[in-house]
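Trainee: I'd like to practise reading a structure closely. Please start from one small spot and show me what can be read there, then lead me on to its surroundings step by step.

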Amino acid sequence: MTNMKKSHKNLAISRLLAPIVSSRDVIDVLEKAIKKTNIKLVDLDFSNVKFISRSAAHALLLMKERLQAKKNISFINTNKDVTNMLRVVAANRIVSEKQKPEFHPEKIDVNVLFKEVLT
Amino acid sequence: MRKIIILKPRNDSLVAQLESLYKTFINAKFKENLNFDLSLLDWVCPLLILPVSAYINNTQSNCEINNSSIKSYLERISFPEGVDSISLFQQRIQKHKSFIPISVLRKEAGASRERLEALFAERIYETLGNVSGAQNAVCYPIAELVTNIFEHSKKDVGFIFGQFYPTKSYLDICIVDCGRGFAATYKEEKGLKLSDIDAIVEAMRGNSVKPEKERGYGIWTSKRIICDVLRGGGFILISGSAGLVAETKKERLVSLPNFNWQGVIAAYRIPRPSGSLDISQFLE
């Protein structure tokens, strides 16, 4: 699961977590593994990680910020999609690009909605 | 124990499934023990069958499937109990190759739960074939809707199920929790007293109960990916006594009288993509 490489600690995300990283709370598992090592330079190795959710990417970046005084964390071997997600979330954290969503749904009676089934 | 005969949906649309779901749980009392009779059903989709599975698991209710013409299908998808481990999931997939079992995600399982969810998502997007960008488009809504369960529902269990229909050329997915729902979440976390309808509106507008300003996009973006990127998809969100029915350029809110789902049901339909997909413009 982990490989020691001189002064670096390599943590394989796909083995420690999963090849699709979805949930915000699972980043806690990673944080514990990082805190457990006494090596300052930690590489989070995204080999074989196919997807990371927006929420997990956000939690990951927050964790990196939280630990930055004690650990120097790098993201390595990220594929194009993972890189893109991390960049978008990081950029949005610094400067929010978009306004909150415009959402103005029509209100409809339940009987009217179910009548549609027949049409 | 009150017997509930689940009515056959009048057609295969998501709204027809919603209608059967509504009629199944109408007038059900809080955590009432029910005995579900599935004998009238000759076809089900996740929006109808997964909430019934979750309800049975959450309330120790019962079901009768022996007289059902879809008994073997229900057994193949592990209805009603579902599977909650990778080994059970893999056993089921080995045995019934084209059927993905109902998956029960338990918060305390941590990374094991994450791997079970990943396995589910991989099986789901594989059914759509090798379409560029399909993995992102399929994984995004699953991931965001599931993470909401463990972030907000105050329940440690979530349910997820999907079924691809090759002859109809679409994929249905449903994600369910039996937690506190949107309205109670806003009330308990932010002191906002909202109706179920208004709570859905707040959630869709990205008003997170968490303090970070960049949070709260998960459900909204999931809906946009399903309805816009996946061209022609449909999205249904139910919490308490209210529901959102969304399609491309059409979003409708409906009150569901005498119905109260304790928690959240999110269900959506994805047509089989005909070309490459790109969700990057929707990432916020």
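**From one serine to the cavity**

Mentor: Let's begin with S112(B), which sits in helix α5 (residues 111-127) of chain B. Please keep in mind that this is a predicted model. S112(B) counts as partly exposed because its relative accessible area is 37%, a value that falls between the cut-offs of 20% and 50%. Now look for I86(B): it is 26 residues away from S112(B) along the chain, yet 7.5 Å separates their C-alpha atoms.

Chain A has a similar kind of pair for you to find. H8(A) belongs to strand β2 (residues 8-12) of chain A, and K40(A) is 32 residues from H8(A) in sequence, with 7.4 Å between their C-alpha atoms. With a relative accessible area of 25%, H8(A) is partly exposed.

Next, let's see a residue whose contacts reach into the other chain. S23(A) lies in chain A, in the loop that joins β3 (20-21) to α2 (27-36). Is S23(A) buried or exposed? It is buried, because its relative accessible area is 0% and the cut-off for buried is under 20%. Setting aside neighbours within four places in sequence, S23(A) touches A56(A) in its own chain and R113(B), E114(B), E117(B), V146(B) and T147(B) in chain B.

From there we can go to the buried nonpolar residues. In soluble globular proteins, nonpolar side chains tend to be buried together. Here the largest nonpolar core holds 92 residues, and L30(A), L44(A), F235(B) and L237(B) have the most contacts inside it. Helix α6 (residues 134-152) of chain B gives the most to this core, namely 11 residues. Let's pause at L44(A): beyond its neighbours within four places in sequence, L44(A) is in contact with ten residues you can pick out one by one, L11(A), I13(A), L30(A), I34(A), L60(A), M63(A), I73(A), S74(A), F75(A) and I76(A). There is also a second, separate core of 53 residues, and L113(A), Y22(B), V44(B) and A267(B) are included in it.

Helix α6(B) comes up again when we turn to empty space. Rolling a probe the size of a water molecule over the atoms shows where empty space is left. In this model the count is one cavity of 30 Å³ or more. The largest cavity contains about 450 Å³ of space, and 31 residues line it. Nearest its centre are N148(B), H152(B), F182(B), A203(B) and I219(B). The elements giving two or more residues to this lining are α3 (54-67) of chain A and, from chain B, α6, β6, α7 (181-190), α9 (218-229) and β10 (261-271). Of these, α6(B) gives the most, with seven residues. Sorted by class, the lining has 13 nonpolar, 12 polar and six charged residues.

Strand β6(B), one of those lining elements, makes a good link to the strands beside it. Strand β6 (residues 170-177) of chain B pairs with β5(B) in the antiparallel sense over seven bridges, and within this pairing G162(B) faces I173(B) in β6(B). The two strands form a hairpin with four residues between them. In that turn, S169(B) has a positive phi of about 65°. β5(B) also pairs with strand β4 (residues 103-106) of chain B, again antiparallel, over four bridges, with V104(B) standing opposite F159(B). How many of the nine residues in strand β5 (residues 157-165) of chain B are buried? Eight are, and the strand is mostly covered.

Finally, here are a few backbone details to hunt for in the loops. N48(A) is not a glycine, yet it has a positive phi of about 70°. N48(A) lies in the loop between β4 (41-45) and β5 (51-52) of chain A, and it is exposed because its relative accessible area of 61% is over the 50% cut-off. N77(A) is another non-glycine residue with a positive phi, about 55°. You will find N77(A) in the loop between β6 (72-76) and α4 (80-94) of chain A, partly exposed at 47% relative accessible area. In chain B, the peptide bond from F79(B) to P80(B) is cis, with omega near 0°. P80(B) belongs to the loop between α3 (71-76) and α4 (86-95) of chain B.

Key:
Residues are numbered from 1 along each chain as its sequence is written. Chains are lettered from A and ligands numbered from 1 in the order in which they are written. This is a predicted model: local features need pLDDT of at least 70, side-chain atom pairs count only at pLDDT 80 or more; totals for chains, interfaces and linings use all residues. Side-chain values use heavy atoms; hydrogens and water are left out. Buried means under 20% relative accessible area, exposed over 50%, partly exposed in between (1.4 Å probe, protein chains only). Contact means heavy atoms within 4.5 Å. Two strands pair if DSSP finds at least two bridges between them. A nonpolar core is a set of buried Ala, Val, Leu, Ile, Met, Phe, Trp, Tyr and Cys residues joined through side-chain atoms within 4.5 Å. On a 1 Å grid over the protein atoms alone, a cavity is a set of points where a 1.4 Å probe fits but cannot get out, and a pocket is an open set with protein on both sides within 12 Å along at least five of seven lines; lining residues have an atom within 4 Å of a point. Grid points are joined across faces, edges and corners, and a volume is the space filled by probe spheres set on the points. Ala, Val, Leu, Ile, Met, Phe, Trp, Tyr, Cys and Pro count as nonpolar, Asp, Glu, Lys and Arg as charged, and the others, Gly among them, as polar.
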